[in-house]
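Work through the exercises below with the structure open. Try each task before reading its solution.

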Amino acid sequence: MNKILNVIKATVLIFGVSIANIYAQETEKIIGTVGGEKLGDDGIVICVLGTQACMPVQIDKSMRVTYNGKETKLTDLPFALYLEAELNENNKITTIKIDERKTVICFVEHKEGDNEKLTTLLNGIKGVEDFKLYRKSNQVLIEYNPKQIAYSELEAKVKNAGFILE
């Protein structure tokens, strides 16, 4: 049973990466968050907003961004940090912009009534300033004040409300 689930997961991942690669090649701009997978020192994974796909991208090892007031390598950026990146034809990041006040949370599934439940929850969390639901991709883009609530606290509140995150 686990083997079947792993095959299904792998197939979905490959399909998602293919879609994200096609999307990236057409627009050359990717919006999403830093994924949790590690690709060594010459790549990162971006979870693409609106697609349910995470795509590996190549990076310039010398490229840095300012994160928490410090110059930071792209491979040292934390999971779920919002970013906008432009890619060349080889899926290598040419420019990147991060926003420490945004994140994207991805859900395993979204059932009937979840949108209302999530809306009520997020409206009640101090520090959440705005959000947008992406129903087709089971994601929510959240703008928040990290001085009032940390990402880990935000994620914990969503999980404690019964939502299952990817």
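**Exercise 1: a loop residue**

N91 is buried, at a relative accessible area of 12%. The model is a predicted one.

Task: Find where N91 lies and state the sign of its phi.

Solution. Step 1: N91 belongs to the loop that runs between β6 and β7. Step 2: its phi is near 60°, a positive value in a residue other than glycine. Step 3: compare this with the general rule, by which most residues other than glycine have a negative phi. Step 4: N91 counts as buried because 12% is under the 20% cut-off.

**Exercise 2: another loop residue**

Task: Decide whether A80 is buried or exposed, and give its phi.

Solution. Step 1: locate A80 in the loop between β5 (70–73) and β6. Step 2: its relative accessibility is 3%, so A80 counts as buried. Step 3: phi of A80 is near 75°, which is positive, and the residue is not glycine.

**Exercise 3: the sheet**

Task: Which order do the 5 strands of the open sheet follow, and which strands are at the edges?

Solution. Step 1: the order is β3-β2-β1-β6-β7, with antiparallel pairing. Step 2: β3 (53–58) and β7 (93–99) are the edge strands, since each pairs on one side only. Step 3: from one strand to the next, the twist averages 40°.

**Exercise 4: one strand pair**

Task: How many bridges join β6 to β7, and which residue stands opposite Y82?

Solution. Step 1: β6 covers residues 82–87 and is joined to β7 by 6 bridges. Step 2: the two strands run antiparallel. Step 3: opposite Y82 stands D99, in β7.

Note on methods: Residues numbered from 1 in each chain as written. Predicted model: local features only at pLDDT ≥ 70, side-chain atom pairs only at ≥ 80, totals over all residues. Heavy atoms only, no water. Pairing = 2+ DSSP bridges. Helix = DSSP H or I, 4+ residues; strand = E, 2+ residues; numbered from the N terminus. Axes fitted to C-alpha atoms, helices over the stretch in contact; angles between N-to-C directions. Buried < 20%, exposed > 50% of the residue type's maximum accessible area, 1.4 Å probe, protein only.
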